[in-house]
Amino acid sequence: MAIKRKATDAVPDAKKVKPNASITSFFKPPTTPAAKATPSSEVKFNKEAWVEELTEEQKDLLQLEIDTLHDSWLPHLKGVLLSPKFLELKRFLKSELASGKTIYPPMKDVYSWSRHTPLDTVKAVILGQDPYHGPNQAHGLAFSVRPPTPAPPSLMNMYKALANDYPDFKKPPNRGGLLTPWADRGVLMINTSLTVRRGDAGSHSGKGWELLTQKVIDTVAKVRNHGVVFLAWGKPAGERVANVNAEKHLILKSVHPSPLSAHRGFFDCHHFMKTNEWLVLRYGKGSEIDWNLDVDPEKAGV
């Protein structure tokens, strides 16, 4: 397994919020070398000019994206953001919140995947479906939960598969399920739908999130053109990567880690080891992912 990174390597949005700090200043772009653009993905984009061209309604509906979607992703996703389907989704979310509905993850965390894993740092992609719909669970990364919430069953099964690949694999402390260390190491963990109503699984599916998240997958496949690993567990995830070029990228498919299906081959799929073997062959020793999760939550971007 790869040498462990220091907890201080986390991207800046993992820092504590200062009193009275604006949401825009809180989510500044990372300045670490790993987050700098590479020639293959540099896009000339004037964010301020783009915002100025928006109508007042568009600015209002897209304020969350303007403030919290990482700048490395915005140039590639801006077309989807202005599509009628996505703007209708934002109107729907606005009405949900206005009517007193509780939405997960909290709005500030909807795009945390983009800040923990800027486009130029993506090594692997893990695809999820719907955010967790219980309190203190979803925080914008597929499969991940905030402490002190214990790891859900699907994530526990992921730990079992990891232990099969790496017997010395270290879980998060206190039976936890925080996966921000993976995200900070280049593992993009994104759900197909980015929000859900409390206690109502799938309640925001088919509203427009799918348009955006498919664009995210397509962008990774196009921009990270030297190759990344796509881990697609379950039929829906497999469909999301149907158009990814298998000659440039590694596509690993298996049943979902859910207790309903994991026994049909997930535990022995060896996807975590295969990911690292492919990365080393592609980029050389040191490019593999450290899958260990024994990081103090206070230092892991909670």
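## Salt bridges

A salt bridge here is a side-chain nitrogen of Lys or Arg within 4 Å of a carboxyl oxygen of Asp or Glu. By that rule, this predicted model has 11 salt bridges. Take Glu65 and Lys90, whose closest N and O atoms sit 2.7 Å apart. This pair links distant parts of the chain, with Glu65 in helix α4 (residues 63–68) and Lys90 in helix α6 (residues 84–98), 25 residues apart. Both Glu65 and Lys90 are buried.

Arg146 and Asp109 make another salt bridge, at 2.4 Å from N to O. Arg146 is in the loop between β2 and α8 (153–165), and Asp109 is in the loop between β1 (103–104) and α7 (112–116), so the pair ties together parts that lie 37 residues apart in sequence. Arg146 counts as buried because its relative accessibility is 13%, under the 20% cut-off. Asp109 is buried too, at 6%.

Then there's Asp200, which bridges to Arg197 with 2.7 Å between the closest N and O atoms. Asp200 is partly exposed, with a relative accessible area of 31%. Elsewhere, shared partners join Glu57, Glu88 and Arg91 into one network of salt bridges.

## The chain as a whole

Zooming out, the protein chain has 12 helices and six strands. Of its 302 residues, 55% are buried. The chain exposes about 14,100 Å², and carbon and sulfur atoms supply 54% of that area.

Now for the contacts. Among those in the chain with a separation of 6 or more, 72% are between residues 24 or more positions apart.

## Strand β5 and its neighbours

Strand β5 (residues 229–233) is worth a look: five of its five residues are buried, so the strand is largely enclosed by the rest of the structure. Val229, Leu231 and Trp233 point one way, while Phe230 and Ala232 point the other way. Buried residues therefore sit on either side of β5.

β5 has parallel partners. Strand β2 (residues 124–128) pairs with β5 over three bridges, in the parallel sense, and here Ala124 stands opposite Val229. Strand β6 (residues 250–254) also pairs with β5 in the parallel sense, over five bridges. One of the bridge partnerships with β6 matches Trp233 to Ser254. Add helix α11 (residues 235–240), and β5, α11 and β6 make a right-handed β-α-β unit.

## Val228, just before β5

Val228 belongs to the loop between α10 (209–223) and β5. Val228 is buried, as its relative accessible area is 1%. Setting aside neighbours within four places in sequence, Val228 contacts Val122, Lys123, Val220, His249, Leu250 and Trp278.

One of those contacts, Leu250, belongs to β6. As for Gly186, its C-alpha atom is 9.9 Å from that of Val228, with the two positions 42 residues apart along the chain.

## Arg185 in its loop

Arg185 is found in the loop between α9 (180–184) and β3 (187–191). Despite its place in a loop, Arg185 counts as buried, at 10% relative accessibility.

What does the side chain of Arg185 meet? A polar atom of that side chain lies 2.6 Å from the backbone oxygen of Asp290.

How values were computed. Residues numbered from 1 in each chain as written. Predicted model: local features only at pLDDT ≥ 70, side-chain atom pairs only at ≥ 80, totals over all residues. Heavy atoms only, no water. Helix = DSSP H or I, 4+ residues; strand = E, 2+ residues; numbered from the N terminus. Buried < 20%, exposed > 50% of the residue type's maximum accessible area, 1.4 Å probe, protein only. Polar contact = N/O pair within 3.5 Å; in protein donor to acceptor, adjacent residues only side chain to side chain. Pairing = 2+ DSSP bridges. Right-handed = clockwise from strand over helix to strand, strands pointing away. Contact = heavy atoms within 4.5 Å. Areas by Shrake-Rupley, 256 points an atom, 1.4 Å probe, with all protein chains shown as cover.
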